[in-house]
Amino acid sequence: MKYEFDYSYTNERIRFFLVNDKDGPIYTDEYIDFSKWGTQKLKYVDKIIDEKLNKLVDMCKLIVPNLKIDSYDRINTKLSAVQIITEKVNEKLKQLENTISKLNVNIKDWYIENYPSDELGETLSPFTTFLDLNNLLNSGNGRNVYELLGGDSDTVIRERCFEKLAKLLNCDYNHIYKQWLKKEEKEEEIEK
């Protein structure tokens, strides 16, 4: 009985398996997680897919004696998978590039323009961007928000910056705030 390659995919990974009309799929959980891939990794996509398909076949030979696979089907499956992975990775890279571009706004300049009556705006760091703030929150160093903002930054400034960051990221303020709180809680546990 001849088996053909098949696959399913999401925005994060592609999963390969073998299938035939009579018995259905043989599941072996051979998949490629491309969620954190960059353009460098795309150069090796052919080799990675070949390794996964070879491993899939080897594993399936243990389950199905006299396993027969059409090499033409293997080539078509590989070409389709390469196209899907390339499209998904490039789409994510484009989204990341757009996000970085949106976040590359100087916080001090933005703050002074939007809150001219708050004299503390003049004391903020002249070099910090919303990208820096986002990276800090993602890095696990939430306690250093006031240090990053610089000057005489206070709760009001932090909250306004969090509101703007949430708008730039197109997410809810509570997401940013909870992200910051989680970092604070972790740091307090470490100190205890």
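**Conventions for all views.** A residue counts as buried under 20% relative accessible area, as exposed over 50%, and as partly exposed in between (1.4 Å probe, protein chains only). Helices (H or I, at least four residues) and strands (E, at least two) are DSSP runs, numbered from the N terminus. This is a predicted model, in which local features need pLDDT of at least 70, side-chain atom pairs count only at pLDDT 80 or more, and totals for chains, interfaces and linings use all residues. Residues are numbered from 1 along each chain as its sequence is written, and side-chain values use heavy atoms, leaving out hydrogens and water.

**View A. Strand β2 pairs with β1 and with β3.** Welcome to strand β2, where six of the eight residues are buried. Strands pair when DSSP finds at least two bridges between them. β2 is antiparallel to β1 over six bridges, and antiparallel to β3 over seven. Three residues separate β1 from β2 in one hairpin, and three separate β2 from β3 in another. To get your bearings across the strands, look for L18 of β2 opposite F5, then for F16 opposite E30 of β3.

**View B. F16 belongs to the largest nonpolar core.** A nonpolar core here is a set of buried Ala, Val, Leu, Ile, Met, Phe, Trp, Tyr and Cys residues joined through side-chain atoms within 4.5 Å. The largest one has 23 residues, and the members that touch the most others are F16, L18, I32, W37, I49 and I85. At least two residues each come from β1 (2–9), β2 (13–20), β3 (24–33), α2 (45–63) and α3. Helix α2 gives the largest share, with seven residues. A second core lies apart from this one; it has 20 residues, including L103, L136, L149 and A166. In soluble globular proteins, nonpolar side chains tend to be buried together.

**View C. The contacts of F16 include both nonpolar and charged residues.** Contact means heavy atoms within 4.5 Å. Setting aside neighbours within four places in sequence, F16 touches D6, Y7, T28, E30, I32, I49, K52, L53, L56, T77 and A81. Two names on that list return in the salt bridges of View E: E30 and K52.

**View D. K88 is buried without a salt bridge.** K88 sits in helix α3, which spans residues 71–103. Lys and Arg count as positive and Asp and Glu as negative, while His and the chain ends are not counted. A salt bridge needs a side-chain nitrogen of Lys or Arg within 4 Å of a carboxyl oxygen of Asp or Glu. For K88, the nearest side chain of opposite charge is E91, at 4.7 Å. Beyond residues up to four places away in sequence, K88 touches Y9, T10, N11 and F34.

**View E. Eight salt bridges are found in the structure.** E12 and K92 meet through their side chains, with an N to O distance of 2.8 Å. This pair links distant parts of the chain, 80 residues apart: E12 is in the loop between β1 and β2, and K92 is in helix α3. Both are partly exposed, E12 at 35% relative accessible area and K92 at 27%. D29 forms a salt bridge with R15, their closest N and O atoms being 2.9 Å apart. Here the link runs from strand β3 (D29) to strand β2 (R15), 14 residues apart. D29 is partly exposed at 49%, whereas R15 counts as buried at 16%. In helix α3, K94 and E97 also form a salt bridge, with closest N and O atoms 3.8 Å apart; three residues separate them, about one helical turn. K94 is partly exposed, at 46%. Finally, E30, K52 and K55 are linked in a network of salt bridges.

**View F. Helix α5 is followed by a glycine with positive phi.** In helix α5 (residues 130–139), the buried residues are F130, L131, L133, N134, L136 and L137. L136 is also among the residues of the 20-residue core. After the helix comes G140, with phi near 95 degrees.

**View G. Confidence is lowest in helix α8.** pLDDT is the predictor's confidence in each residue, from 0 to 100. The chain has a mean pLDDT of 90, with 95% of its residues at 70 or more. Helix α8 (residues 173–191) has a mean of 69, while helix α4 (residues 107–114) is highest at 97. Over residues 184–192, pLDDT stays under 50, and the model has eight contacts beyond four places in sequence for them. Where pLDDT is low, the predicted coordinates should not be read in detail.
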